[in-house]
Amino acid sequence: MSEGLMDTRDSIVDAARARAAAAAAAPLRLMAVHAHPDDESSKGAASLAKYAHDGVGVMVVSCTGGERGDILNPKFADTDVDIPALRIAEMARAAEILGVAHTWLGFEDSGYHEGDPETWNLPAGSFGALDPAIEIEALVRVVREFRPHVMTTYDENGGYPHPDHIRCHVVSMAAFEAAGDPDAYPGTGDPWQPLKLYYNVGFSRQRMLAINEAVREKTGEGPFDEWIKRFNDNPRPDPGIRTTTKVEVAGFFQQRDDALKAHETQIDPNAHWFAVPHDIEASVWTTDDYELARSLVDTQVPEDDLFAGVRDRVES
């Protein structure tokens, strides 16, 4: 490796360590638990950037390395790429763009599987195939070290039925409950009880329709027409109807998009996700949306802040 590349790598590592130290020392802390690298940039990314900008300590946890992710960018179609190594580098870049800390939980991607979960033949040793207790212990250790006040994860359906997303829900919920129990998972650090847990409300039908029609009015084309047709042909429960909490993030759309584009093996930069002008999006939908799943503090829904009820508890 050349001296210049070594210097670049060292500066990236130093910056990541600085973000991690600053996040751990922040008075309010948020932990976003995701299944794969790139999930943090497609689900709630603008919120992460906003909270980090506002001085909240933000930690993204990637449960797996995304090793079995398909290459979706035509740029890589005819090249021989080292997917695991690339995804590590992509995640580092996305974390830098969002201004957040990041850690790997250390498990192996299970790959995408269709059909009834009982028919899935998951790779041995992968995240979805292991005993969940092993994974819960690993996340409890991270929670006790970082000490988040708020956690985010996926709902019981995984947001969509990927085995790693469903397992991420199981592990996150169990770790939220266990981290504060002094009798649970001894040897993983001092007990720490997060105060709230949210589910990401990602691609709600109402949001997609609103943005699609706003773009159509301006340009004559709806960027999400195909997605909406697939949803209509194969309907599944709309997570949008469960929304309790809307965080204003219009000022962070660009960071969100840039972070997602950093995962360049996983996203076509010309994809429809980037065909929505930010001013049009901001005219109809300015929030990242969440469902409050667990709260140990008093709060009233609807909320406009993941730390509603937490700020007074922590700052008093």
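**Exercise 1. Strand pairing**

Which residue in β7 does Val-247 stand opposite?

Solution. The model is predicted: local features need pLDDT of at least 70, side-chain atom pairs count only at pLDDT 80 or more, and totals for chains, interfaces and linings use all residues. Residues are numbered from 1 along each chain as its sequence is written, and side-chain values use heavy atoms, with hydrogens and water left out.

Step 1. Locate the strands. Helices (H or I, at least four residues) and strands (E, at least two) are DSSP runs, numbered from the N terminus. Strand β6 covers residues 245–248, and strand β7 covers residues 287–295.

Step 2. Apply the pairing rule, which asks for at least two DSSP bridges between two strands. Four bridges join β6 to β7, and the two strands run antiparallel.

Step 3. Read off the partner: Val-247 stands opposite Asp-288.

Step 4. Repeat for β5 (residues 196–201), which is joined to β7 by six bridges, again antiparallel. Here Asn-200 stands opposite Tyr-290.

**Exercise 2. Salt bridges**

Find the helices that hold Arg-93, Arg-230 and Arg-167, and describe the salt bridge of each.

Solution. Step 1. State the criterion: a side-chain nitrogen of Lys or Arg within 4 Å of a carboxyl oxygen of Asp or Glu. Side chains of opposite charge can pair when their charged atoms come close. The whole structure contains 20 salt bridges.

Step 2. Take Arg-93, whose partner is Glu-96, with the closest N and O atoms 2.8 Å apart. The two are three residues apart in helix α4 (residues 83–98), so about one helical turn separates them. For accessibility, buried means under 20% relative accessible area, exposed over 50%, and partly exposed in between (1.4 Å probe, protein chains only). Arg-93 has 43% and is partly exposed; Glu-96 has 37% and is also partly exposed.

Step 3. Take Arg-167, which meets Glu-135 at 2.8 Å, N to O. Because Arg-167 lies in helix α6 (residues 163–178) and Glu-135 in helix α5 (residues 132–146), this pair ties together parts that are 32 residues apart in sequence. Both Arg-167 and Glu-135 are buried.

Step 4. Take Arg-230, which pairs with Glu-226 at 3.3 Å, N to O. Both lie in helix α8 (residues 225–233), four residues apart, about one turn of the helix. Arg-230 is partly exposed at 43%, whereas Glu-226 is exposed at 58%.

Step 5. Look for shared partners. Arg-207, Arg-256, Asp-257 and Glu-281 are joined into one network in this way.

**Exercise 3. Nonpolar cores**

Identify the residues of the largest nonpolar core that touch the most other members.

Solution. Step 1. Define the core as a set of buried Ala, Val, Leu, Ile, Met, Phe, Trp, Tyr and Cys residues joined through side-chain atoms within 4.5 Å. In soluble globular proteins, nonpolar side chains tend to be buried together.

Step 2. The largest core has 32 residues, and Leu-30, Tyr-51, Leu-306 and Phe-307 touch the most other members. The elements that each supply at least two residues of this core include β1 (29–34), α3 (45–53) and β2 (57–64).

Step 3. List the contacts (heavy atoms within 4.5 Å) of Tyr-51. Leaving aside neighbours within four places in sequence, they include Leu-30, Val-247, Asp-305 and Arg-311.

Step 4. A second, separate core has 30 residues, among them Val-33, Phe-107, Ala-138 and Tyr-154.

**Exercise 4. Cysteines**

Explain why the sulfur of Cys-168 makes no bond with that of Cys-63.

Solution. Step 1. A disulfide is a covalent bond between the sulfur atoms of two cysteines. The cut-off is a pair of cysteine sulfur atoms within 2.5 Å, and the count is zero disulfides.

Step 2. The closest cysteine sulfur to that of Cys-168 is in Cys-63, 4.0 Å away, which is too far for a bond.

Step 3. Both sites are buried: Cys-63 has 0% relative accessibility, and Cys-168 has 0%.

**Exercise 5. Backbone details**

Locate the cis peptide bond at Pro-302 and the positive phi angles of Arg-147 and Tyr-185.

Solution. Step 1. The bond from Val-301 to Pro-302 is cis, with omega near 5°. Pro-302 is in the loop between β7 and α11 (311–315).

Step 2. Arg-147, not a glycine, has a positive phi of about 60°. Arg-147 lies in the loop between α5 and β4 (150–153) and is partly exposed at 34%.

Step 3. Tyr-185, also not a glycine, has a positive phi of about 50°. Tyr-185 is in the loop between α6 and β5, partly exposed at 23%.

Technical notes. Contact means heavy atoms within 4.5 Å.
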